[in-house]
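Let's walk through this model together, beginning with one aromatic side chain and ending with confidence. Keep the viewer open as you read.

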Amino acid sequence: MDTVKKGLRSIAKFLGLNRNSKYVNHYLMEANVRSMVYMTAVIVILEVWLIIYQHVKADGLIYLYNLPVDDPKHYDPGFDAFFLFCSNFVLFLLVGANLFVFGLTYRMKDTRKRLIINLVFSVLAFTWSWFIFYEAKLGTLIWDAPEVAIKSNSLKSGLAVTLYIVAMFISISVAAESVVVLIRKKTSSYFTMAIIVLFALMCLAFGFKISYGDYISSKPKQMICFFTMAIYVVCLLIWRPFISVLMNVAIFVGFWQLLSNVPLRESTAAVFTLKDGDFVNYTTFVISLTMVAISIYHQRLNEATKDEELEFLADYDELTGLHNASYFARTVDELLKVPGVGEKNIILFINVSNFKTINDQHGFVAGNVFLKEVGKLVDESFPKSVTCRQGDDHYIVFTPFDGFDEIIKNLNEKVKELDKEIVPEIKVGGYRPKASEDSRHAADKARYACHTIGQNLTVHYREYDDKMDQGYHLMQYVIHNIDKAIEQGWIRPFYQPVVWSKDKKLCGVEALARWVDPERGLLPPYAFIGTLEQTKLIHKLDTCIVERVCQDIRNCLDNNLPLVSVSLNFSRIDFEVMDVVEVLEEIVAKYRIPKELLHVEITESALSDSESVLAKSVRALKERGYRLWLDDFGSGYSSLNVLKDYDFDVLKIDMKFLSGFSTRPKAKPLIAAVVAMAEKLGMHTVCEGVETDEQREFLKTAECERLQGYLFGKPIPFEDLQDRINKGEFTVSDTLS
Ligand code: C2E
Ligand code: MG
Ligand code: MG
């Protein structure tokens with residue numbers, strides 16, 4: 001049964017009975033238009049040649065023009081002779097030129113110019129068709145040579161009339177299509193189809209007329225004209241195979257029937273009586289021609305399908321089926337050029353604030369399903385808007401300003417419904433673009449506004465304002481100057497002391513990045529770390545800091561300066577964009593640094609997926625002999641799992657534990673419990689953010705081994721640290737680790 005179904009499906013596909021996408025249909029139409037350009041170019045050249053030929057051949061027009069008025073051939077010399085011999089040539093020349101230009105201008109962006117060009121050729125073709133048609137009605141010597149009277153054969157003159165009527169329709173259609181395009185700003189497939197079909201009909205009528213006329217005449221010279229025209233039409237018009245089959249069969253059966261039933265003149269019959277053998281040849285010809293049409297169709301279909309796939313990848317987001325950021329940028333750029341559009345619309349940047357939790361708790365596949373559903377909701381919520389998924393859990397919308405805030409509220413409610421356990425929410429940043437503003441910049445500003453909401457639970461929407469502009473420009477400055485800052489040495493590590501809780505002696509330092517800008521002064525990490533992470537440039541900074549730290553340690557080793565171990569911070573993004581282990585190993589080898597002097601700090605919130613690249617790198621770092629410190633413990637969601645899945649040497653208790661130290665009664669037992677737990681798991685402890693003696697005292701009694709905080713010292717440059725050690729403000733402990 002399945003095989004039968006499969007077979008039937010294949011046959012249906014072969015005959016083109018299946019449904020094609022809009023894109024494929026459009027592609028096939030354009031291919032036909034292209035064929036028309038080539039074929040009409042041939043026609044134009046051919047007709048020009050024929051007109052010249054008619055003039056120069058021995059008894060041609062030049063001869064006729066010069067005949068005396070009472071010549072026995074009955075023609076009036078001059079124009080009458082020209083019409084007699086050249087009216088069809090001129091007709092095809094003008095209609096050919098009309099369609100050639102139509103094809104050439106088919107994708108022209110300037111629709112007004114396109115209309116004007118097409119109108120010129122349409123008017124020429126129409127005027128000629130109408131003029132000849134009108135003349136023919138008056139019975140002048142147009143359609144036939146005088147020896148074959150018009151009245152003697154109504155079919156032939158009927159075909160000639162058809163030829164001119166169709167030509168008039170073609171020129172009207174071309175002009176009408178150009179008007180439609182001017183109004184709708186896109187091509188009309190119905191008109192285009194009509195134009196090509198009409199032209200095919202015109203060619204067939206011509207072929208029919210010439211061949212048939214010859215067939216019944218006493219001096220047949222162009223019997224195969226019909227065949228030539230049939231081939232021409234097949235090349236011109238590649239349609240669905242079943243239509244090609246029907247079309248070819250209809251044309252040829254009709255023609256055959258006609259030839260078989262026409263009473264021949266004796267002289268012709270002697271030459272052209274149809275025989276059985278002719279039938280075989282004729283049929284073979286029809287079948288071959290049809291097969292050629294079908295094979296061209298399938299070839300084009302293949303190309304169209306492949307192109308469609310590529311185009312889809314180029315314009316759409318594979319996961320959600322929404323448009324992608326590059327399509328969004330292109331479309332909105334165009335819209336912003338239209339006067340007045342900028343003022344009436346707003347760009348919204350939508351971020352799902354707790355998407356990471358969904359991924360962590362339900363897994364990657366469920367996360368993807370969620371993103372798809374959000375995409376669908378975004379698309380449905382903003383009709384008449386340009387929507388796209390920018391990547392991750394970010395969506396951008398270009399939408400009319402009126403009522404957008406209500407839509408955001410409703411959308412948020414719907415997104416919440418998607419996961420009743422985690423209750424995801426959206427945060428939205430808005431920016432009103434200026435006329436002709438670059439849409440990427442505009443979307444960036446909306447994104448910036450969104451990020452300023454941060455973890456604020458009560459705020460869901462924030463619009464970009466002048467205040468944000470400063471932050472935004474700092475962000476742009478960071479992105480565009482990070483390379484320069486590294487090159488010029490503006491990026492450098494500051495060192496914050498870490499001390500033993502028991503004797504306050506210096507046991508290590510944490511390297512914290514600072515950007516010492518010649519214009520903007522000292523930039524703290526919050527001014528650039530987030531931006532560099534978002535733009536995946538953070539690895540440049542971290543590599544630079546590792547190098548600078550290793551240089552400083554080498555300096556200490558070479559010059560016998562006081563030396564302590566250094567903690568290095570790595571971002572989660574580093575592990576995505578570079579091989580952290582490799583980079584670290586290379587720099588450490590370059591400066592010949594003992595590995596025990598380096599600690600690698602990884603933030604707890606980065607370590608959600610124990611199978612990730614990051615997880616593998618963390619394990620590799622451990623194997624290579626680096627000490628691993630778990631930074632900001634307790635600030636994320638997955639703390640306890642991280643302890644189970646990884647093998648950290650030191651647990652760094654987040655400074656949030658110390659906030660409300662004296663006011664919240666649970667703070668102390670909680671810290672004590674964390675320290676005790678770490679000990680049980682064989683880990684050392686350090687607490688960051690120690691600012692008061694009271695805190696220090698408590699931590700000491702709770703047996704937290706190391707302390708870090710402003711109480712002992714803020715992050716300072718290498719030289720200052722050395723200075724303070726030399727001055728005895730810090731005593732370097734004998735026991736480093
Ligand atoms: P972190 O790794 O948790 O670093 C500790 C932060 O707490 C530092 O802020 C430090 O100055 C601050 N801090 C230390 N003691 C106290 C205290 O007693 N009170 C208060 N209020 N704060 C204290 P900083 O230097 O601004 O760095 C912030 C964050 O930026 C760091 O948090 C780290 O996540 C990131 N960061 C700093 N340097 C780098 C770097 O080179 N690479 C990467 N990837 N991230 C870095
Ligand atoms: Mg740190
Ligand atoms: Mg920390």
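## A tyrosine on a helix, and other rings

Tyrosine 53 is partly exposed, with a relative accessible area of 40%. Keep in mind that this is a predicted model. The partner to look for is tryptophan 49: both residues belong to helix H2 (residues 22–56) and sit four residues apart, about one turn of the helix. In general, an α-helix has 3.6 residues a turn, so residues three or four places apart point the same way. The structure holds 26 aromatic pairs. Among them is the pair of tryptophan 49 and tyrosine 53, which is stacked, with 5.3 Å centre to centre and 20° between the planes.

Elsewhere, one aromatic cluster is formed by Phe208, Phe226, Phe227, Phe252, Tyr282 and Phe285. Rings also meet charges here. Lysine 502 places its charged end over the ring of tryptophan 500, 4.8 Å from the ring centre. Arginine 520 does likewise with tyrosine 477, where the charged end is 4.1 Å from the centre of the ring.

## The two magnesium ions

Now turn to the metals. The table sets out the protein donors of each ion.

| Ion | Protein donors | Distance | Spacing in sequence |
|---|---|---|---|
| Magnesium ion (ligand 2) | Glu510 (OE), Asn569 (OD1), Glu601 (OE), Asp631 (OD) | 2.0 to 2.3 Å | E-x58-N-x31-E-x29-D |
| Magnesium ion (ligand 3) | Asp631 (OD), Asp632 (OD), Glu688 (OE), Glu688 (OE) | 2.0 to 2.6 Å | D-D-x55-E |

Which residue bridges the magnesium ion (ligand 2) and the magnesium ion (ligand 3)? Aspartate 631 does, and the ions lie 4.0 Å apart. Glutamate 510 lies in strand E8 (residues 506–517) and glutamate 601 in strand E11 (residues 598–603), so this pair of donors ties together parts that are 91 residues apart in sequence.

Are glutamate 510 and glutamate 601 buried or exposed? Both of these glutamates are buried. Aspartate 631 is buried too, with a relative accessible area of 5%.

## Strands and a helix around the site

Follow the glutamate-bearing strands and you reach strand E10 (residues 565–570), which is mostly covered, with five of its six residues buried. E10 pairs with E8 in the parallel sense over three bridges, and glycine 508 stands opposite serine 565 in E10. E10 also runs parallel to E11, and five bridges join the two. In that pairing, leucine 568 has valine 600 of E11 as its bridge partner.

E11 is also touched by a helix. The buried residues of helix H23 (residues 613–623) are Leu614, Ala615, Ser617, Val618, Ala620 and Leu621. They pack against helix H21 (572–577), helix H22 (580–591), E11 and strand E12 (627–633). After H23 comes glycine 625, whose phi is positive, near 100°.

## A six-stranded open sheet

Another region to look at is an open sheet of six strands in the order E1-E3-E4-E2-E5-E6, with mixed pairing. Its edge strands are strand E1 (323–324) and strand E6 (461–463), each of which pairs on one side only. Strand E2 (residues 345–352) and strand E4 (residues 394–400) are antiparallel partners over seven bridges. Between these strands, isoleucine 347 stands opposite phenylalanine 398 in E4.

## The whole chain, and how far to trust it

Stepping back, the protein's secondary structure comes to 27 helices and 15 strands. Of its 737 residues, 48% are buried. Among contacts between residues at least 6 apart in sequence, 70% join residues at least 24 apart.

Where is confidence lowest, and where is it highest? Helix H10 (residues 266–272) has the lowest confidence, at a mean pLDDT of 49, while strand E15 (residues 706–708) has the highest, at 97. Over residues 138–152 the pLDDT is below 50, and this stretch has 24 contacts in the model beyond near neighbours in sequence. For the protein overall, the pLDDT averages 86, and 89% of the residues score at least 70.

Note on methods:
Residues numbered from 1 in each chain as written. Chains lettered and ligands numbered in written order. Predicted model: local features only at pLDDT ≥ 70, side-chain atom pairs only at ≥ 80, totals over all residues. Heavy atoms only, no water. Donors = N, O, S within 2.8 Å, 3.2 Å for Na, K, Ca; no water. Buried < 20%, exposed > 50% of the residue type's maximum accessible area, 1.4 Å probe, protein only. Phe/Tyr/Trp six-rings, centres within 6.5 Å; stacked < 30°, edge-to-face > 60°. Lys NZ or Arg CZ within 6 Å of the ring centre and 35° of its normal. pLDDT = per-residue confidence, 0-100. Contact = heavy atoms within 4.5 Å. Pairing = 2+ DSSP bridges.
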